Each structure stands twice: as structure tokens, then as C-alpha cells.
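Hi there,

Here is the structure I promised to pass on to you. Have a look at it first, and then read my notes below.

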Amino acid sequence: MPWLAVTEKNLPQFTKGEKIEVSQVDLHEGMTSPPDYLSESELISLMEKNGIGTDASISVHINNICERNYVQVLAGRKLGPTALGITLIRGYQCIDPDLCLPDIRSFIEQQITLVAKGQADHFRVVQHVLQQFRQKYSYFVKQIENMDALFEAQFSPLADSGRVLSKCGKCLRYMKHISTQPSRLYCNTCEEVYYLPQKGSIKLYKELTCPLDNFELLIFSMPGPDGKSFPLCPYCY
């Protein structure tokens, strides 16, 4: 693996106070690049490090995410996330971030190991895990509209038909206003949905930004001659 070899340049011996003549000065310009996708072997190493799966089940987990089209195997056995996989993870992060982290699965694996060693009661471990996931499932179902909104915005023609309206305070890029009910803003960069007041008109408010989160303010107007108007921040709302 010569490309990983450490390159060293031995400097000549200098004495304190010695003046050095500069023979050449170069200015290099570049940009940082995002980290590469994980390879299968790197993912296996991370799963082992975080206590997810066993030697027998790790390969099954990776095969499952490939078959379900959450990732695609790219050149060099890299695992590139698909739009479906990214949207799914965004939805989990929006509703219950714990579901995206290895902590829960790692805890269960640890408890199973303790049961196998006779250091934990099998019945209590099973009941605790079932109760934990029952509560998480119940909460997830109550918040499922957040997941629906993300999938609808990502995969339906609504995202293409929405008009550019205001800037997102997180990425500073323009969000699309999807006017069909329920009215909402969709940030294609952050892949997040922000619901707006319904049954009225939405416009940009003087190009002012919210002092709390930097989102551009909007003004909502109720229909009719006596309809009231009020400004709002989509993130705060």
C-alpha cells in the first residue's frame, strides 16, 4: 500500500540565529471536500465498534439496507445513500433522533450478552425492551405526519411545482412554498418541512429575518375585507 506511506523530508542542520534565504514562495488555493462514503468494510468496523449485530448478523444487516434500496453499492464497494434512505433518516431525526443512533441496538446487544452469561434476567430484559419500543412506536405514530410531509415533498411532483419564496435560516438557500393544502415550506437542501398557517395568503415580509434563527420572515393574511395579517417566522411557527 505505497499510497499510504509516510513521506518525510529531512531538514538540514540549522544553528540558532542563522539566517535562511527564501528561494521560492508558492500560494496554493483549494477547497475542503466532504468525507467519502463508507465502504462495506468501514461500516462493518463501525458496527463492531458500536456493538451492533454479531459476526453472523452484520452481513445480513448490510444486505437488508441494499435490498430495501436505502443504499447502493458504488465503485470500490462504497455504500452511497439513496434519496429514499436519506429521506427516511431525515424523518427519523425529525421525530425521534434516538432511532438513528446505535445506542439502543448496542444496549440490547449488551443485555443479551448479560443474559447469556447468567448476569441478567431474560424475562425482565425482554419486557423492558418491549416497553421501550412500544412507547417509541406509539410516539412515532402520533408524529407520522412529519414523515409523510418529508416523503411527499421529496418524491411527489409537489416539490417541483412549489414556488421559491424565502430563505432557510440553516443553509441560507431558498425554500419552496407548496401552496396546496396543507400549506408549507420545503427546504430541498436541509430536506425539512415547515408548516404554515392555513386558509390564507403567504408573502415575504420586507426581506427581514428572525433574530433567533435567521429565517426570512413571512406575512400571513386572512381572506376577506376584514382579514387580519400578522408576520411570522416559519421555524418559530
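Is Ser-39 buried or exposed? Ser-39 is buried, because its relative accessible area is 8% (buried means under 20%, exposed over 50% and partly exposed in between, with a 1.4 Å probe and protein chains only). You will find Ser-39 in the segment before helix H1 (40-49). Beyond its neighbours within four places in sequence, Ser-39 is in contact (heavy atoms within 4.5 Å) with Gly-76, Arg-77 and Lys-78.

A word on the source: this is a predicted model, where local features need pLDDT of at least 70 and side-chain atom pairs count only at pLDDT 80 or more, while totals for chains, interfaces and linings use all residues. Residues are numbered from 1 along each chain as its sequence is written, and side-chain values use heavy atoms, leaving out hydrogens and water.

Next, the largest nonpolar core (buried Ala, Val, Leu, Ile, Met, Phe, Trp, Tyr and Cys residues joined through side-chain atoms within 4.5 Å). This core has 16 residues, and those touching the most other members include Cys-168, Met-175 and Phe-215. Two or more residues each come from strands S5 (184-187) and S8 (216-221) (strands are DSSP runs of E, at least two residues, and helices are runs of H or I, at least four, numbered from the N terminus). S8 gives the most, with 3 residues. Not counting residues up to four places away in sequence, Cys-168 touches Arg-173, Met-175, Cys-187, Cys-190 and Phe-215. A second, separate core of 7 residues includes Ile-52 and Val-71.

Enjoy exploring!
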